[in-house]
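Student: I've got a fold open on my screen and I'd like to go through it with you. Can we take it piece by piece?

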Amino acid sequence: MKSKIFEIILTQVAETTELKKEEIVGKVRKAELIEARMLVVHFCKEYGISNSYLQEKMNRKSPFAIAHLLCSFDCVLKQSYTFREAHKELKQKLANILPKT
């Protein structure tokens with residue numbers, strides 16, 4: 001079930017941000033890709049997916065990479081209008097697709 005949830009969230013983030021899924025889980029450190037990763041990790045955590053699972057699926061070597069994305073989320077949410085809008089849109093989309101447990 002968690003692989004399905006992860007795939008749905010990743011797909012929705014890719015569509016909303018107009019980025020490729022491969023880029024989002026890749027290693028490139030561009031701001032728009034990092035923000036997309038933050039959105040994926042944030043929503044996955046809301047749906048109960050563990051950091052260790054995210055570390056594996058997001059191709060991160062360090063467990064701190066996922067923690068860092070989560071810690072940075074609120075700061076970026078406050079500072080970036082486009083990030084806030086993407087978050088708001090995704091929250092609505094995911095609520096219609098994935099029921100919360």
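Student: Let's start with one residue: in which helix does Lys-45 lie?

Tutor: Bear in mind that we're looking at a predicted model. The helix in question covers residues 31–46, and Lys-45 falls inside that range. So the place to look for Lys-45 is helix H3.

Student: Is Lys-45 buried, partly exposed or exposed?

Tutor: Buried would need a relative accessible area under 20%, and exposed one over 50%. Lys-45 comes out at 33%. That value sits between the two cut-offs, so Lys-45 counts as partly exposed.

Student: Which residues is Lys-45 in contact with, leaving aside its neighbours within four places in sequence?

Tutor: Phe-6 is 39 residues away along the chain, and its C-alpha is 9.9 Å from that of Lys-45. For the contacts themselves, we skip the neighbours within four places in sequence. What remains is Ser-50, Asn-51, Leu-54 and Leu-70.

Student: Staying in H3, what does His-42 touch beyond four places in sequence?

Tutor: His-42 lies in helix H3. At 16% relative accessibility it falls under the 20% cut-off, so His-42 counts as buried. Its contacts, not counting residues up to four places away, are Leu-70, Phe-73 and His-87.

Student: Phe-73 makes me think of rings. How many aromatic pairs does a search of the whole structure find?

Tutor: A pair of aromatic rings is described by the distance of the centres and the angle of the planes. Searching the whole structure for such pairs gives a total of 2.

Student: How are the rings of Phe-6 and Tyr-53 arranged: stacked, tilted or edge-to-face?

Tutor: Their centres are 6.5 Å apart, and the planes make an angle of 85°. Angles over 60 degrees fall in one class. With 85° between the planes, the pair of Phe-6 and Tyr-53 is therefore edge-to-face.

Student: How many residues apart are the two partners, Phe-6 and Tyr-53?

Tutor: Phe-6 belongs to helix H1 (residues 2–17) and Tyr-53 to helix H4 (residues 51–57). The pair links distant parts of the chain, with a separation of 47 residues.

Student: Are Phe-6 and Tyr-53 buried or exposed?

Tutor: Phe-6 has a relative accessible area of 3%, and Tyr-53 has 11%. Both values are under the 20% cut-off, so Phe-6 and Tyr-53 count as buried.

Student: Which helices does the pair of Phe-73 and Phe-83 tie together?

Tutor: These two rings are edge-to-face as well, at 5.4 Å centre to centre with 65° between the planes. Phe-73 is buried, and so is Phe-83. One residue lies in residues 63–79 and the other in residues 81–97, 10 residues apart in sequence, so the helices tied together are H5 and H6.

Student: Let's move to the loop between H4 and H5. Is Met-58 buried or exposed there?

Tutor: Met-58 lies in that loop. It touches Phe-6, Ile-24, Val-25, Arg-37, Val-40, Val-41 and Ile-66, not counting residues up to four places away in sequence. Its relative accessibility is 0%, so Met-58 counts as buried.

Student: And which residue in the loop between H4 and H5 is Asn-59's counterpart elsewhere, I mean, where is Glu-18, with its positive phi?

Tutor: Asn-59, in the loop between H4 and H5, has a phi near 60°, a positive value in a residue other than glycine. Glu-18 also has a phi near 60°, and at 72% relative accessibility it counts as exposed. Its place is the loop between H1 and helix H2.

Student: Zooming out, how many helices and strands does the protein chain have?

Tutor: From the N terminus on, the elements run α-α-α-α-α-α. The tally of secondary structure is 6 helices and 0 strands.

Student: What is the radius of gyration of the protein chain?

Tutor: The globule rule gives 13 Å for 101 residues. The chain's own value is close to that, so it is as compact as a globular protein of that length. The radius of gyration is 12 Å.

Student: Last one: what share of the contacts with a separation of 6 or more comes from residues 24 or more positions apart?

Tutor: For background, buried residues make up 42% of the 101 residues. Among contacts with a separation of 6 or more, the share from residues 24 or more positions apart is 60%.

How values were computed
Residues numbered from 1 in each chain as written. Predicted model: local features only at pLDDT ≥ 70, side-chain atom pairs only at ≥ 80, totals over all residues. Heavy atoms only, no water. Phe/Tyr/Trp six-rings, centres within 6.5 Å; stacked < 30°, edge-to-face > 60°. Helix = DSSP H or I, 4+ residues; strand = E, 2+ residues; numbered from the N terminus. Buried < 20%, exposed > 50% of the residue type's maximum accessible area, 1.4 Å probe, protein only. Rg over C-alpha atoms; globule rule 2.2 N^0.38 Å. Contact = heavy atoms within 4.5 Å.
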